[in-house]
There are 2 protein chains.
Amino acid sequence: MADFPSALQRFPVTVDIVALTVRDDVLNVLLITRLIEPFRGRLALPGGFVLAGEGLGEAAIRELAEETGVEQVPGHLEQLQSYGPQGRDPRGDVLTVAHLLLAPDFPVLSAGSDAEQAAWCPVGDVLAGERHLAFDHARILVDAVERARSKLEYSPLGAAFCGEEFTIAQLRAVYEAVWGTRLDPRNFHRKATGNPGFLEDTGRMTTGDAGRPAALFRLAAEARSAAGEPVRAVLNPPLMRPHS
Amino acid sequence: MADFPSALQRFPVTVDIVALTVRDDVLNVLLITRLIEPFRGRLALPGGFVLAGEGLGEAAIRELAEETGVEQVPGHLEQLQSYGPQGRDPRGDVLTVAHLLLAPDFPVLSAGSDAEQAAWCPVGDVLAGERHLAFDHARILVDAVERARSKLEYSPLGAAFCGEEFTIAQLRAVYEAVWGTRLDPRNFHRKATGNPGFLEDTGRMTTGDAGRPAALFRLAAEARSAAGEPVRAVLNPPLMRPHS
DNA sequence: TCAAAAGTGTTTAGCGTACACCCATGG
DNA sequence: CCATGGGTGTACGCTAAACACTTTTGA
């Protein structure tokens, strides 16, 4: 069996995770405060080096667990894009494979220890440049948000932001937060429920809220992503975002 | 300034290029025949190791030039996805960043020498499994074709398969080849020409062909990709592919 | 004059949008 | 009873699809 070329260049490889959720009707991203150089004290995307014997997805899940304390992947994880290896890290060339996580508002580890502290931050504030992100993470975040926006149009992944069971209004709030628009509740209801293979009625209802109780839905079985595999199901017709 | 962790794992990184074009009304992919182990004699995507001091896009362009003889990027190049590093290469863990090139039917280097020989192959034949590709290149090809198909719907990149100037019928042939469908010439003509910011009439006409001469168009300035940057312009309304 | 391909006009059916309206609960 | 939000019905305008028809060339 052949071997690698002798003068072969090798690169450190990291995974970064852009974890998005909807909190208080606003899109939020999970950021950590860096405790070590470079960029010590700055906000950054959670992530870290890929270890020997690891796949990219595995590394992303491990890093997420280490920095937030989640045991399982709390939503939908997919690869976003790779960046580098040039000019990203003052220590040298590093290739990073960015990942996108769409998840409900899960609690993050708030260890009072010296562990890196993760926290949800409104995407709008971060992109407005109030807090500069480490490395090229601002650019990665921009790409991630744009990907998330278009994903909602033609895939059932909006439901990844909700819990196991949700109302149509909660799902609509997700779309409104991610797209930054207002949607007609009545037309949205029809489009969402009328889309074959998207939602499943659980038969249960909300109770205790103001107004008429809402039916609880779950993501249809055929629209759920199977263990890290990409969601093949497509929204047909798509839920188009209102174009400017 | 901080340094990398001492026990840091480093990986060889390759770029692979899925170069697609339309030849004889069929989608084709550029493949090389491997002259060295592993997978010697098998068909593979063009590509190779990323060198020190190189960005991913640069490496893709260099490898394409080395293996096909093209001097400039002959079409639209964009990053597809990364694969690995586990279980892809019998020599060890290798991360690959796959790229997608949509280009007109450019001539490939047919050196009679011992250089790797590149050739256009119909995608349908390759995916039918008549010729097994090296590494995980069959899977990469599947992902690339699916990406190309959806790109045509909402981006002006169909024109990347045509030359500088083209007729509406040539552009329609691209869509038909990539989607594997037939489109109504008259409705397609209206959709394509009626899309603001997509096509520009050159004022010139074809001549010499059978039938009425056709107007020659070029891609509108605002729809051209600026030096490796992603095409931001979006087809509005999209050219939807007929769904089953 | 005919064949072939380009391009335009017209009809129809379906969908997105807007919005009136009714339903079911909590206070 | 009223406010609040859930859910349905309906009218209108736009667009995709189908296809008849005209235009302009080569043979």
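How do the residues of the surface near DNA strand D divide into nonpolar, polar and charged? They come out as seven nonpolar, four polar and nine charged, where Ala, Val, Leu, Ile, Met, Phe, Trp, Tyr, Cys and Pro count as nonpolar, Asp, Glu, Lys and Arg as charged, and the others, Gly among them, as polar.

Before going on, keep in mind that this is a predicted model, in which local features need pLDDT of at least 70 and side-chain atom pairs count only at pLDDT 80 or more, while totals for chains, interfaces and linings use all residues. Residues are numbered from 1 along each chain as its sequence is written, chains are lettered from A in the order in which they are written, and side-chain values use heavy atoms, with hydrogens and water left out.

Let's stay with the DNA. Of the 20 residues around strand D, the ones that come nearest are A:R190, A:G211, A:R212, A:A215 and B:N187; "near" here asks for a heavy atom within 4 Å. On the DNA side, 48% of the strand D atoms within 4 Å of the protein belong to sugar or phosphate, and the rest belong to bases.

Now for some polar contacts, meaning pairs of N or O atoms within 3.5 Å. A:R190 puts a polar side-chain atom 2.9 Å from a base oxygen of DNA strand D, and B:N187 has a side-chain N or O atom 2.9 Å from a base nitrogen of that strand. The elements giving two or more residues to this surface are α5 (185–194) of chain A and α5 (185–193) of chain B, with helices taken as DSSP runs (H or I) of at least four residues and strands (E) of at least two. The most comes from α5(B), with four residues.

How do the two protein chains relate? Chain B can be laid on chain A by a turn of 180° and a shift of 0.1 Å along the axis, with an RMSD of 0.1 Å, superposed by least squares on C-alpha atoms with pLDDT of at least 70 in both. The two copies are thus related as by a two-fold rotation axis.

Finally, the aromatics. Rings pair if their centres lie within 6.5 Å, and planes under 30 degrees apart count as stacked, over 60 as edge-to-face and the rest as tilted. There are 10 such pairs over all chains. A:F49 and B:F4 make an edge-to-face one, 6.2 Å centre to centre with 85° between the planes. Because A:F49 lies in strand β4 of chain A and B:F4 in the segment before β1 of chain B, this pair joins two chains. A:F49 is buried at 17% relative accessible area, "buried" being under 20%, exposed over 50% and partly exposed in between (1.4 Å probe, protein chains only).

Key. Polar contact = N/O pair within 3.5 Å; in protein donor to acceptor, adjacent residues only side chain to side chain. Phe/Tyr/Trp six-rings, centres within 6.5 Å; stacked < 30°, edge-to-face > 60°.
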